[in-house]
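Visitor: I would like a close look at one part of this model, namely how its charges are placed. Please connect that to the rest of the picture as you go.

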Amino acid sequence: MLWVDVAKGVCILLVVLHHAVVKDLALQTPAPLSAVADAWHWVTMALKPVRMPLFFVLSGLVASGAVRRPWVQARRRVLSPYYLYVVWLVLQGAFFSVERLLPMNRTQDLGELVADLVLASTGLWFLYALAVYFALARLLAGLPVLPVLAVSAVVSACAGLLPTDDWNRVSVVFHFTFFALGALAPELVRRWAGPASRATRPLGLVYLALVVVLPLLGLSRTTVMLLAGLVGVPLGLGASVLLAEGRAAAGLAWVGRRTLPIYVLHAPLLALALHLPSPIGTGRLGAIEAAAYPVLLTAVAVTAALALHALLRRVGADMLFELPRRPVRAGRARVPGTGGAGPQATVAASS
């Protein structure tokens, strides 16, 4: 489904843009131009109920077939993201123990590293969540879907009551509802996508009203995100279907099939950008530069991440981006009496 890759491409670009705004722009913008940074901050925060919820719906949709397979066939859906989470938790922990300018959740010591292995708190929480969500969805796959989604929605709304100030840990609890929607009700998501594309404009207006009004009602942050997400996710699905019919579809889908390297590499690249001279001046020209800075920085960070990924793969660092597979022993690839490879070889190779 082209629109799924397009949607994933849009989501990862919005993730990088969000971090470029809240981490880099906030530090690079001169005080007289703080209004520009504030405007960007409002825009990216208004997209919060779409950005990661839609990403998780798509992740669940892609995994929907695997949640009902035998565990031996589906276990890599848990092992692979958790393996990648551990690898990059260590690598980013080492990097950010030296680089201290970028404002972010850091693993400060061995104790915090162990705690992060149990419940993620760093910017890599998405990979941790994919592993946990798939295992949980597979356990729940035999139950009626609507009650499962209803209970998970209540948990999501109450996630803000957790005794922690760490938003990433709250996010791990909050976003399961959206993954479960894609994994356990994939046909519903597919049915939404078509009609939502025809209703993109009214959905957009309703969503804009929600992100303006809901924060004024005194609701918890997670309740606001859940209510806005109920409109934001169909809006994102419909917009993705429309984008898949446009000229930018091929490029967005290409990016959408390469979200992992962008996700794990963009934060260190944004950190390095803070060590360069600020390209934002003052006055009218400075305002234009500040407005364009997050978009340009996103483009540079994504391009650099994909180039670095290609270089690392070329030098044989595949283990940084995929769970290694156990080699198939030659002795297991023969069926006695045939003198050659038999059905066992085919099964072993395909698994």
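Guide: The mean positions of the 29 positive and 14 negative charges of the chain lie 13 Å apart, where Lys and Arg count as positive, Asp and Glu count as negative, and His and the chain ends are left uncounted; each charge is placed at NZ of Lys, CZ of Arg, CG of Asp or CD of Glu. This is a predicted model, in which local features need pLDDT of at least 70 and side-chain atom pairs count only at pLDDT 80 or more, while totals for chains, interfaces and linings use all residues. Residues are numbered from 1 along each chain as its sequence is written, and side-chain values use heavy atoms, with hydrogens and water left out.

Turning to the surface, the chain exposes about 17,500 Å², of which carbon and sulfur atoms supply 68%, the areas coming from the Shrake-Rupley method with a 1.4 Å probe. Of the 351 residues of the chain, 50% count as buried, meaning under 20% relative accessible area, whereas exposed means over 50% and partly exposed lies in between. Two cysteines illustrate these classes: C11 counts as buried because its relative accessibility is 1%, while C158, at 39% relative accessibility, counts as partly exposed. The structure holds zero disulfides, a disulfide being a pair of cysteine sulfur atoms within 2.5 Å.

As for the overall frame, the C-alpha trace of the chain spans about 85 × 45 × 45 Å along its principal axes. Among contacts in the chain with a separation of 6 or more, 81% join residues 24 or more positions apart, contact meaning heavy atoms within 4.5 Å.

Terms used
Buried means under 20% relative accessible area, exposed over 50%, partly exposed in between (1.4 Å probe, protein chains only).
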